[in-house]
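Hi,

Here is the structure I promised to pass on. Have a look at it first, then read my notes underneath.

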Amino acid sequence: MSKPVLLVIAHGSRDPRHAATVHDLVRQVRARRPGVRVETGFLEFNLPSVSGKLESLAAEGVRDVVALPLLLSRAFHAKADIPSVLSEAPARLRIRQAEVLGPSPLLTAALERRLYEAGLSPADKSSTGVVLAAAGSTDPEAIAVIADIAREWRRTGWCAVRPAFASAGSLPRTGEVVGSLRALGCARVVVAPYFLAPGRLPDRVAREAGGADLLAGVLGAAPEVAHVVLARYDAAVAASALAAAGL
């Protein structure tokens, strides 16, 4: 029996760096699992659209699809937008929506990877305060998850880890948290963007991070991210098999 197609669903952006980063990540996923067909669809701004990709898969005769939200938290897109698009897919497709990527210890490891790639030394960890700069959301569950990630990451040996948010209406902002970590007495302050790809909000974080000693890159096509994508795919396939068996 052929394995379900993995359809990676990205948000999309007018910024061409976003789609380029998504495609880089998908190439990594394909290389790690050559026996699985991996496709990409975008919710907006970029092609192929999710609906267009689903229609083309159905026209080819594909039956089983795992739709994986390329999102870091279960906010509006994962809870409403994606289920709405999937509900309008061709009837011949059997689709299971996988879980979002975060939270995961592997994503935290990817954040550290980016900090060290930007020039931080592991020996500096205990004297360094980290701003965990995320998108922000009107969904309190998504905000709480970011706070939990910061709390757990702090326990791995940092001087402090505090969340900040980039979207309008979500507080505190990156610059404020940089200042609070300075006031706390951390010898250095670094900013770790919790974003999968470049775009408007990561650029805003970069503008507000001027008072920090170091700004890391976005998660992008880090190997840990590709690993999480496949772990979410495997979990969705296993859940489908259990459901088919009536367990």
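Below is what turned up, starting with the ground rules.

This is a predicted model, so local features need pLDDT of at least 70 and side-chain atom pairs count only at pLDDT 80 or more, while totals for chains, interfaces and linings use all residues. Residues are numbered from 1 along each chain as its sequence is written, and side-chain values use heavy atoms, with hydrogens and water left out.

Let's start with the core. The largest nonpolar core (buried Ala, Val, Leu, Ile, Met, Phe, Trp, Tyr and Cys residues joined through side-chain atoms within 4.5 Å; buried means under 20% relative accessible area, exposed over 50%, partly exposed in between, with a 1.4 Å probe and protein chains only) has 48 residues. Leu6, Leu101, Leu115 and Tyr194 have the most contacts inside it. Helix H8 gives the most to this core, seven residues; helices (H or I, at least four residues) and strands (E, at least two) are DSSP runs, numbered from the N terminus.

Leaving aside neighbours within four places in sequence, Tyr194 is in contact (heavy atoms within 4.5 Å) with residues including Leu72, Gly102, Pro103 and Leu219.

Two of those partners bring us to the backbone. The peptide bond from Gly102 to Pro103 is cis, with omega near -5 degrees, and Pro103 sits in the loop between strand S4 (94–97) and H4. Another cis bond joins Leu171 and Pro172, with omega about 0 degrees. Phe45 is not a glycine, yet has a positive phi of about 75 degrees. Why bother mentioning these? Because most residues other than glycine have a negative phi, and most peptide bonds are trans.

Cheers
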